[in-house]
Amino acid sequence: SDANEVDLTQFGLWYSTNGTPTVKYESKYDDETKTFYLTLSQESNSDEPMHIPVAVGLLDKVSGKEVVPTKVLDLKEETQTFEFPGLEGDVLPSVLRGFSAPVKLVGSSEDEEKDWAFLAANDSDGFNRWGNGQSLYASLIFQTLRGEQLSESKTPEYVFEAFQRTLALDGDDYSIQAYALILPSESTLAEELEVVDPVALHKARGDVKKSIARKFQTEIRAKYDELTSAMESSGEDFKVDATSIGQRSLRNVLLDYLCAVNETPEERDAASALAMKQFESSYGMTDRYAALSCLVSMDGEESVVARREVALQKFYDDAEGDALVLNKWFGAQALADLPDVLDRVKALTEHPEFTLSNPNRCRSLISAFSMNSAHFHAEGGEGYKFIGETVAKVDKLNPQMSSRMGGSLIQWKKYGERRGASMKAALQKLADMKPISNDLFEVVSRGLK
């Protein structure tokens, strides 16, 4: 660079190298010299080593305090060792802070989950706190999915510790705190599996969520009430500063956890009453929609159903025909976790405000349902049949839209023999359709290969 006399020739390899590089790291602490050694190595499709900026901070293994603030290490060789002298005790590295480079990071810890828990609870870097928490949550969800004996695993203990310490954080960075408490999405988890059982994955994630919610129900409710009081004391004006936005995000995450405790009639009544209270008292769309999203998945007792239906009607009435708000109304119902959600979606296609000729309205209901993985992929294949039939109708109106919607069926190889066969059959039926648009035919024919 002419501006600062830095040679960026090696850095330019990022523009000519395809794929995602992998950075591996190993570390050791020498008690005699009080020096910490961090060895970084890289693998990529480049014939020459790339210039990879790796932001690193060091945390004391005992206190969790940051002893070396963020420092960017320039990895320019296949393997490099960096020294950190003058440390009075062993440390744990927080590597790739702030996502300093778009790489895959691989560690070599003897107890990876313990390190994830430590960093998720103590790291001052928001990105790494979130990332390590996600890895930890995912590990417990996958163990639950495989039916492993969790009583013999340390993972639940690590998860609970990380969750508790994150929940108890003081400060005004509520947005990072909110993200750090959310479990990985089902779509993110599915990417880690060779063969996906969406129904089982949905249950495993739900079971982990419920176990966390039950264990920390008192603390979660206390934090929720604290945020509610703070928001109410600030007046009725809807604020869009970072602190207010973060408070709303965190409170809505906590509401979602509180509504996960719903196994008895009393629990369902309490959860729906809390969500309804937030729905009725909210000044902004964020809080109201979060409450509605909880309510639409509630079923059972008459009082619970009544609150759900009242909220849906009020949200619809308050929209006063606004297209964007109505899209949210359709979308919330398409994503509901109810056993008859497909029947509800079919009924909504007959609603006066719904039309297949409006792409955004179509996406808000039909495409949203295809993202409701556990119900779209339910045994029997009715979800695939519904999407296939709808795509056929849309193709006559909007080929670009139909081709995007048809894409929800092309990953059939990832969903096991029975589901895969049903998805492929729906694709084949579309491919055999006459007439068929070029856009849709290209998608389905590629998907059938």
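**Notebook: contacts, cores and one sheet**

I looked first at contacts (heavy atoms within 4.5 Å): in this chain, residues 24 or more positions apart account for 64% of those with a separation of 6 or more. I note that this is a predicted model, in which local features need pLDDT of at least 70 and side-chain atom pairs count only at pLDDT 80 or more, while totals for chains, interfaces and linings use all residues. Residues are numbered from 1 along each chain as its sequence is written, and side-chain values use heavy atoms, with hydrogens and water left out.

I then checked burial (under 20% relative accessible area, 1.4 Å probe, protein chains only) and found that 47% of the 449 residues are buried.

Next I looked up the nonpolar cores, which are sets of buried Ala, Val, Leu, Ile, Met, Phe, Trp, Tyr and Cys residues joined through side-chain atoms within 4.5 Å. The largest has 97 residues, and F163, I212 and F369 have the most contacts inside it. Apart from it I found another core of 23 residues, including W14 and M50.

For secondary structure, I counted DSSP runs (helices H or I, at least four residues; strands E, at least two; numbered from the N terminus): the chain has 20 helices and seven strands.

I followed one open sheet of four strands, ordered β5-β2-β1-β7 with mixed pairing; two strands pair if DSSP finds at least two bridges between them. Both β5 (79–84) and β7 (104–106) stand at the edges with a single partner strand, so one side of each lacks a neighbour in the sheet. I recorded antiparallel pairing of β2 (residues 35–43) with β5 over six bridges, and T81 in β5 is the bridge partner of T39.

How values were computed:
Buried < 20%, exposed > 50% of the residue type's maximum accessible area, 1.4 Å probe, protein only.
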